[in-house]
Amino acid sequence: MKNKRSLLAIPYVGWMALFVVAPIVMVVIYAFTTADFSVTGENFTRMGTFTVIFTRSFKLAIIATLVCLLIGYPLSYAMAREGKGFQRVAMLLIMLPMWVNFLLRTYSMMSIMENNGLINQFFAAIGLFDLINGIFGTDIQYFKMIGTQGAVVVGMVYNYLPFMVLPIYSTLIKMDNTLLEAARDLGADSAAVFRKVILPLSLPGILSGVTMVFVPSVSTFAISRLLGGGIQMLLGDLIEQQFLGGAYNPHLGSAIALVMMVIVVACMWVMNRFGEGEEQAVML
Amino acid sequence: MKKKTNLGNRLLIGIVFFFLYAPILLLIFFSFNDANSSVIWQGFSLRWYTKLFQNQLIIQSVYNTLLVSALATIIATIVGTFSAIGLYSMRRKFRNPLMTVNSIPMMNADIVTGVAMCLFFVAVLGGWNYLAVNYRFTVNLFGAVYRITFPQLSLGFGTLLIAHITFNIPYVILSVSPKLRQMDKNLVDAAQDLGCTWVQAFFKVILPEIMPGIVSGPLIPFTISVDDFVISYFTAGSATSTLAMQIYSMTKKGVTPEINAVSTILFVVVLVLLIIVNVREIRAEKAAAKRVY
């Protein structure tokens with residue numbers, strides 16, 4: 001009877017083959033061909049001209065991931081130590097922003113960071129600019145934030161922080177309290193308990209959080225366009241331009257997309273090596 | 001984890017939540033602004049809400065978003081549940097590679113999924129349209145000659161729906177699978193030994209057992225569907241537009257507070273729904289706790 005039930009998966013297998021595997025095969029074909037479909041490696045050698053964009057993407061994504069980890073871990077830790085009711089509300093509040101479209105949230109972020117936005121208005125109100133101008137003899141009316149790499153990183157952290165918090169929090173909350181008690185009974189101080197018990201046990205959550213923040217950060221194009229003021233181009237912008245933008249060249253775009261896919265596979269491979277059997281953590 | 005609250009923890013949580021919510025509160029605040037600005041406050045007004053309901057573009061895009069998310073979630077939940085059962089009954093040798101394929105849409109960067117699907121849809125539709133133009137059939141029916149032409153297809157709601165279903169199914173499978181693994185394998189055999197057909201065994205044994213997974217499953221894919229911009233952007237074509245795409249095209253020309261208004265409405269609706277669900281869950285848990293003691 002067992003085999004009969006496995007037939008239920010057939011529509012799904014067909015669907016995934018058609019809409020997941022076939023499109024990826026097409027990306028691979030496009031990446032290795034020219035416009036008249038003759039085989040070439042040219043698309044990959046041409047990527048050399050975009051080194052600046054590659055380095056910028058990786059730099060900003062890595063910084064954003066680290067910032068998310070540095071904020072997200074203590075936050076998850078703090079949340080995991082609260083009572084049940086508090087935790088429930090906190091989880092709700094972490095998920096809720098996803099219901100306001102991320103473009104709109106980013107746009108709102110943009111209006112906060114604008115030259116005449118809330119942050120600069122606040123600094124002006126507390127007399128920060130007068131102070132600076134008084135000391136240095138300069139004439140600053142505002143801090144320019146839009147169009148800087150810092151603004152793009154802030155946007156990434158703002159958008160993807162929940163993806164770091166959820167997996168870490170879910171590993172922390174599942175942690176067996178008796179292990180911590182045992183460690184303390186055996187003479188470990190709090191620092192040692194954290195370093196030798198809590199941190200290793202939450203590693204799967206950290207790795208899954210890092211992947212879930214890094215992958216969208218390195219591939220975003222909307223955040224960099226809004227907060228980067230159009231001058232901080234990232235890999236996502238580059239791909240988008242090859243498909244829907246002015247520089248129409250799906251072959252080059254596919255090659256870049258393929259590189260991105262390889263990066264993701266590498267991330268998954270690393271994750272699978274460290275956190276075996278933790279597919280739950282990947283999800284939430 | 002040991003439960004211990006201290007001020008430092010609360011302060012940290014407060015600061016992060018302030019960071020997360022400041023932009024949202026600001027955009028809700030400025031949806032009630034009388035001026036067309038998200039910086040300068042000119043007094044309370046509901047005029048963006050009345051304007052919103054006259055703006056066909058936004059209403060249509062909200063309708064598209066909710067329709068595609070709801071349809072994709074329902075279809076993905078049904079297909080995903082059956083597939084999870086099928087995968088669970090499979091031998092490991094077949095199941096493991098399929099689970100890897102299953103995680104591709106979840107792990108891959110959105111833009112890669114979007115671009116891949118865009119290429120695929122354009123190629124398939126191109127092939128179809130070529131055939132549709134070059135091959136026409138004539139049918140002779142009761143003396144009258146009918147010419148059958150295939151319609152020309154382009155990127156639109158159909159491709160958008162397919163894309164959303166495709167990235168939703170993996171999440172459903174991931175939430176149903178653990179429930180299947182927890183289920184006692186002998187239950188199904190017992191049901192069949194007692195004379196159930198395997199269809200009856202499915203509806204009377206397997207389905208009730210995995211119901212919690214099926215019920216909690218759709219929330220995440222639906223949320224992701226509503227929030228999705230990148231994959232929709234590449235698969236919806238130019239004629240169909242979701243709310244996210246509408247917002248994106250507006251960010252180039254300047255967002256009007258009508259968008260703030262529609263987002264405020266959605267936000268409040270979801271907030272109320274989540275509060276209701278959670279209050280009910282808490283009540284159910286309390287009732288369950290009473291029964292135990």
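The following legends describe close-up views of a predicted model that contains chains A and B.

**Figure 1. Overall view of chain A, a chain with 16 helices and zero strands.** The C-alpha atoms of chain A fill a box of roughly 65 × 60 × 35 Å along the principal axes. Of the 284 residues in chain A, 41% are buried. Contacts that link distant parts of the sequence are frequent in the count for chain A: among contacts between residues at least 6 apart in sequence, 73% join residues at least 24 apart.

**Figure 2. Confidence of the prediction along chain A.** The mean pLDDT of chain A is 84, and 94% of the residues score at least 70. Among the elements of chain A, helix α4 (residues 51-80) has the highest mean pLDDT, 92, whereas helix α16 (residues 279-283) has the lowest, 42. The pLDDT is below 50 over residues 277-284 of chain A, and this stretch has 15 contacts in the model beyond near neighbours in sequence. Where pLDDT is low, the predicted coordinates should not be read in detail.

**Figure 3. The side of chain B that touches chain A.** In this view, 68 residues of chain B are in contact with 79 residues of chain A. Several helices of chain B each supply at least two residues of this side, among them α1 (7-30), α3 (56-89), α5 (110-134) and α12 (257-292). The largest share, 11 residues, comes from α1(B). By residue class, the side of chain B that touches chain A divides into 50 nonpolar, 13 polar and five charged residues.

**Figure 4. Surroundings of B:Ala116, a residue of helix α5 of chain B.** B:Ala116 counts as buried because 31 C-beta neighbours lie inside 10 Å, and the cut-off for a buried residue is 20 or more. Not counting residues up to four places away in sequence, B:Ala116 touches A:Pro23, A:Ile24, A:Met26 and A:Val27. Within chain B, the C-alpha atoms of B:Ala116 and B:Ile231 are 9.7 Å apart in space, although the two residues are 115 residues apart in sequence.

**Figure 5. The crossing of helices α3(B) and α9(B).** The two axes come within 9 Å and cross at roughly 150 degrees. Angles over 145 degrees count as roughly antiparallel, and α3(B) and α9(B) are therefore roughly antiparallel to each other. The crossing of α3(B) past α9(B) is right-handed. On α3(B), the residues of the contact are B:Thr65, B:Val68, B:Ser69, B:Ala72, B:Thr73 and B:Ala76; they meet B:Pro221, B:Phe222, B:Ser225 and B:Val226 in α9(B). The residues of this contact divide into six nonpolar, four polar and no charged.

**Figure 6. The packing of helices α4(B) and α6(B).** The axes of these helices lie 8 Å apart, and the helices pack at an angle of about 120 degrees. That angle makes α4(B) oblique to α6(B). Here α4(B) passes α6(B) in a left-handed crossing. From α4(B), the residues B:Asn102, B:Ser103, B:Pro105 and B:Met106 meet B:Thr166, B:Phe167, B:Pro170, B:Tyr171 and B:Ile173 in α6(B). Six nonpolar, three polar and no charged residues form the contact of α4(B) with α6(B). Both helices also appear in the view of Figure 3, since α4 (92-107) and α6 (157-182) of chain B each supply at least two residues of the side that touches chain A.

Technical notes. Residues numbered from 1 in each chain as written. Chains lettered and ligands numbered in written order. Predicted model: local features only at pLDDT ≥ 70, side-chain atom pairs only at ≥ 80, totals over all residues. Contact = placed C-beta atoms within 7 Å. Helix = DSSP H or I, 4+ residues; strand = E, 2+ residues; numbered from the N terminus. Nonpolar A, V, L, I, M, F, W, Y, C, P; charged D, E, K, R; others polar. pLDDT = per-residue confidence, 0-100. Buried ≥ 20, exposed ≤ 12 C-beta atoms within 10 Å, placed from the backbone. Axes fitted to C-alpha atoms, helices over the stretch in contact; angles between N-to-C directions. Parallel < 35°, antiparallel > 145°, perpendicular 65-115°, else oblique. Left-handed = near helix turned anticlockwise from the far one by under 90°.
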